[in-house]
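Me: I have a structure here that I would like to go through with you, one short question at a time. Could you take a look and talk me through your reasoning?

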Amino acid sequence: MGKITEFRAGAFGLALLLLFSPGLLGGGTSGYKYFKNYSYADYDHHPQNWDVAQNGDGLIFVGNQGGLLIYDGARWQLKYVPNFTVRSIAVASDGKIYTGGENEIGFFEADNRGALQYTSLTHLIKEEARNFSTVWRTHATGQGVFFRASNYLFRLNDESLRFWQSPLFWSSFECGGEFYIQEKGRGLLKVRGDSLEPVAGGEFFAADKILLMAPYGEEADGSSLLIGTRSAQFFLSEGDFWRPFKPAAAEYLKNNSFYYGVRIKSGEFALATLEGGLAIMDTQGELKQVFDKSSGLQDENVKFVFEDREGNLWLALSKGLARIEYRSPLNLYDERCGLPGMVLAVIRLQENLYAGTDQGMFALKPGARTFKQISEVGTNCWNFVLMGDSVLAATPGGVFQ
């Protein structure tokens, strides 16, 4: 950190109001994003959550073990459905909120008073297919509304419902206006009219469950796709071929039970795990940030991640919910970054960031994730002043350079 020089004076005092500006902390992302945990006590219902969506009015909808949770930014309310559990949600362009649960599919729609009312669609299903168990994903697409269970895929079009049956439908996605579904033993398929047609090269995914399927690259139009599987293997589409993509983040995902992933507006990928919280992977495959218990997340078992229109990441947890202000330009530096105590002063010299707290003076070098204490400076580092290419630090024991 350079040589420490001490200046002593019989009486020394400084009073300075430091105004923060965007340039003060530099462009690094080594700090933490602000996020809020919601416990089941906050929304007063079942702890376990499965899915999150948002409608055009900005309301947040959460698939909860006991029904549909609705959050308007200030208050939570619960809407019940038959068999209680809402495992999946999709908001359609007409404003209807479609849900899938346990042997139950349907939608919520506002009545003439604006209150959401539920309509079941199970009466449209043929008798032999009504014991379909859990609807793991619901998709509102240009081809209709799809409800995917383990052995059935239902499609709603103009109040008519058809279905496909399988020994095991593993996963489903909408990318670039196309609806894809993965069938164990067959691989990746695409809905064409009333048929499920194999995707070129899709048989490559016959034996490894797909957990991420999202556009890759700047265009984000679905012309290039990134796939991530349960075994934490990743592949990029190149025409009719899938090229292996080996991200550095794969080891973390494999060790922490990768479960689900999405592309977010920044072009990065938010990857949910069952044992290690949420991982953020950049387009080069580097592990950019992790949100887990050490960063304050109340539960590391993440079932689903959703990015709302403000750029917040909502996490459906086995115990509660979390909202991360991921696109906020603000980063928080605290004890998690090796910065203990109450911050009294902060200053930047060249590329180094210095912070004074009631426990001493600390420095953050470019690219570092944690502050290092400058041991020569004792407690209560009250203030800083720039002097040429040096920093003056005011402490009870004198001024240090």
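Me: Is Arg309 buried, partly exposed or exposed?
Reply: This is a predicted model, where local features need pLDDT of at least 70, side-chain atom pairs count only at pLDDT 80 or more, and totals for chains, interfaces and linings use all residues. Residues are numbered from 1 along each chain as its sequence is written, and side-chain values use heavy atoms, with hydrogens and water left out. Buried means under 20% relative accessible area, exposed over 50% and partly exposed in between, with a 1.4 Å probe and protein chains only. Arg309 has a relative accessibility of 47%, so the class is partly exposed.

Me: Which residue forms a salt bridge with Arg309?
Reply: A salt bridge here is a side-chain nitrogen of Lys or Arg within 4 Å of a carboxyl oxygen of Asp or Glu. The partner is partly exposed, with a relative accessible area of 46%. The closest N and O atoms of the pair are 3.1 Å apart, and the partner of Arg309 is Glu310.

Me: How many salt bridges does that rule give?
Reply: Happily, the idea behind the rule is simple: side chains of opposite charge can pair when their charged atoms come close. One of the pairs is Arg75 with Asp72, whose closest N and O atoms are 3.0 Å apart. Arg75 counts as exposed at 57% relative accessibility, while Asp72 is partly exposed at 38%. By this rule, the count of salt bridges is 15.

Me: How many residues apart in sequence are the parts that Glu268 and Lys288 tie together?
Reply: These two form a salt bridge, with their closest N and O atoms 2.5 Å apart. Glu268 sits in the loop between β23 and β24 (269-273) and Lys288 in strand β26 (residues 287-291), where helices (H or I, at least four residues) and strands (E, at least two) are DSSP runs numbered from the N terminus. Glu268 is buried at 7% relative accessibility, and Lys288 is partly exposed at 29%. The pair therefore ties together parts whose separation in sequence is 20 residues.

Me: Which residues are linked with Arg155 in a network of salt bridges?
Reply: Arg155 has its place in strand β13 and counts as buried, at 8% relative accessibility. The network linked with Arg155 holds Arg162 and Asp194.

Me: What is the phi of Glu159?
Reply: Most residues other than glycine have a negative phi. Glu159 lies in the loop between β13 (152-157) and β14 (160-165), and is exposed at 71% relative accessibility. Its phi is positive, near 65 degrees.

Me: Which residue in the loop between β6 (76-79) and β7 (86-91) has a positive phi?
Reply: The residue in question is not a glycine, and its phi is about 70 degrees. The residue that lies in this loop is Phe84.

Me: How much space lies in the largest pocket?
Reply: On a 1 Å grid over the protein atoms alone, a cavity is a set of points where a 1.4 Å probe fits but cannot get out, whereas a pocket is an open set with protein on both sides within 12 Å along at least five of seven lines. Grid points are joined across faces, edges and corners, and a volume is the space filled by probe spheres set on the points. For the largest pocket, that space is about 820 Å³.

Me: Which residues lie nearest the centre of the largest pocket?
Reply: Lining residues have an atom within 4 Å of a point. Elements giving two or more residues to the lining include β15 (169-175), β23 (258-263) and β27 (302-307). The lining has 29 residues, and nearest the centre are Glu174, Tyr260, Val262, Phe304 and Phe306.

Me: How many residues of that lining are nonpolar?
Reply: Ala, Val, Leu, Ile, Met, Phe, Trp, Tyr, Cys and Pro count as nonpolar, Asp, Glu, Lys and Arg as charged, and the others, Gly among them, as polar. The lining of the largest pocket has five polar and six charged residues, and the nonpolar ones number 18.

Me: How far apart are the C-alpha atoms of Thr379 and Gly356?
Reply: Thr379 lies in the loop between β33 (372-374) and β34 (383-387), and is partly exposed with a relative accessible area of 48%. Thr379 and Gly356 are 23 residues apart along the chain, and their C-alpha atoms are separated by 8.8 Å.

Me: What percentage of the residues in the chain is buried?
Reply: The secondary structure comes to two helices and 36 strands. Of the 401 residues in the chain, the buried ones make up 52%.
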